[in-house]
Amino acid sequence: MKAMSKMVPYPSNSIVPERDIDKRPILETHHLGIDFGGLTALDDLSLTVGRTEIAGLIGPNGAGKTTVFNLLTNVYQPTRGDIMLDGKSTAKKNSAQVCRMGIARTFQNIRLFSNMSVLDNVKVGLHNSIKQNLFSSLTHGFGYRNSEKKSRERALELLDFFNMTDMAEAEAGSLPYGAQRRLEIVRALATNPGIILLDEPAAGMNPSETSELMDNIKKIRDTFNIAVLLIEHDMNLVMNICEGICVLDHGKVIAKGTPDEIKSNPVVIEAYLGKKKEAN
């Protein structure tokens, strides 16, 4: 397993893991912002994520974190700024096209196909890599049968990665909460991303499940050689696995740095805990 790497300066006034310094960042945003009517929800976000970095995006409730994820996946179109995914702009792309470019996500509220099997949920995510032509699909010819075989084999491999093979034929909605969270991550990995965005992956988990999640996030990075960007309120998880952290408050970046730098930053502490009243 890769050890947590020393963070080093990157030319765009950011930091990346030392092991990624000679590689193009998987994700860069430049002065990204979005307005809804007269309200600025996000302003001037410049963010760099190294190719195999585990990065954190944190901040108090309402800071704009999920808005960032919606911009990165083109659910929202930015009012200003740009997003570069593996060196290519995502401007004017729709969410499906951006997914094919190499970005996948999970959601704060689990979004599985509850009435479908666990296996079929994962197979849905394989649409980027398993190709079928229309004629073969309609006739269930050799090409269709071959792609279905490959799809099933790949889906089972991914489920095995999370020790979920024995759940393959179960209805997704019948799984325990923690298993549904894992399944959503497996489905995102099935799209073959270069970076996966995890929106509060530890929400609702007990300490044992959270500890397992930390191990799995590291395992994802090491096995698939991809980056992870997560939104999370569990500071123990964030500080133990993230290499670089960006802190938002009211739609603005208030700090960027390593876990040690963020933990001791007075501006971050004030954002989370509030300003102490001065003694009379």
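**Cavity, pocket and cores in a predicted model**

Author: The largest cavity is lined by two nonpolar, two polar and three charged residues. The model is a predicted one.

Reader: Which residues line the largest cavity?

Author: The lining consists of Gly178, Arg182, Met205, Glu209, Glu212, Leu213 and Asn216. Arg182, Glu209 and Glu212 make up the charged class, because Arg and Glu are counted there. Met205 and Leu213 are the nonpolar pair, and Gly178 goes with Asn216 as polar, because Gly is put in that class.

Reader: What makes this space a cavity and not a pocket?

Author: The deciding point is the way out: a 1.4 Å probe fits in a cavity but cannot leave, whereas a pocket is open. With a threshold of 30 Å³ or more, the count is one cavity. The largest cavity holds about 50 Å³, so it passes that threshold.

Reader: Which elements give two or more residues to the lining of the largest cavity?

Author: Those elements are α6 and α7, the latter spanning 207–224. Helix α7 contributes the most, four residues.

Reader: How large is the largest pocket, and how many residues line it?

Author: Its volume is about 400 Å³. The lining has 19 residues, and Cys99, Ala104, Arg105, Phe107 and Thr191 are the ones nearest the centre. At least two lining residues come from each of α2 (95–101), β8 (103–105) and α6 (177–189). By class, the pocket lining has ten nonpolar, five polar and four charged residues.

Reader: Why is Ala188 called buried?

Author: Its relative accessibility is 5%. The cut-off for buried is under 20%, so Ala188 qualifies. This residue belongs to helix α6.

Reader: What does Ala188 touch, beyond residues up to four places away in sequence?

Author: Ala188 touches Ala104, Arg105, Thr106, Pro193 and Ile196. Of these, Ala104 and Arg105 are also among the residues nearest the centre of the largest pocket.

Reader: How do you know that Thr48 is buried?

Author: The relative accessible area of Thr48 is 8%, and that is under 20%, so the term applies. Thr48 sits in strand β4, residues 39–49.

Reader: What makes the pair Thr48 and Ser14 a polar contact?

Author: Their side chains are joined at 3.2 Å. The limit for such a pair of N or O atoms is 3.5 Å, so the distance is within it. Ser14 also appears in the list of residues touched by Thr48, which further includes Tyr10, Ser12, Pro25 and Glu53.

Reader: Which residues have the most contacts inside the largest nonpolar core?

Author: They are Leu159, Leu183 and Leu230, in a core of 45 residues. Helix α6 gives the most to this core, six residues. Another core, apart from this one, has 27 residues, including Leu32, Ile34, Leu72 and Leu85. In soluble globular proteins, nonpolar side chains tend to be buried together.

Reader: What does Leu230 touch, not counting residues up to four places away in sequence?

Author: Its contacts include Ile54, Leu57, Phe69, Leu198, Ile217, Leu237 and Ile241. Gly56 is touched too, but Gly cannot be a core member, because a core is built from Ala, Val, Leu, Ile, Met, Phe, Trp, Tyr and Cys.

Reader: What makes Asn265 a cap of helix α10?

Author: A side-chain oxygen of Asn265 lies 2.8 Å from the backbone nitrogen of Val267, at the N-terminal end of α10 (residues 266–273). That distance is within 3.5 Å, so it fits the limit for a polar contact. Just after α10, Gly274 has a positive phi of about 85°.

Technical notes:
Residues numbered from 1 in each chain as written. Predicted model: local features only at pLDDT ≥ 70, side-chain atom pairs only at ≥ 80, totals over all residues. Heavy atoms only, no water. 1 Å grid on protein atoms, 1.4 Å probe; cavity = no way out; pocket = protein on both sides within 12 Å on 5 of 7 lines; lining within 4 Å. Buried < 20%, exposed > 50% of the residue type's maximum accessible area, 1.4 Å probe, protein only. Polar contact = N/O pair within 3.5 Å; in protein donor to acceptor, adjacent residues only side chain to side chain. Contact = heavy atoms within 4.5 Å. Core = buried A, V, L, I, M, F, W, Y, C linked by side-chain atoms within 4.5 Å.
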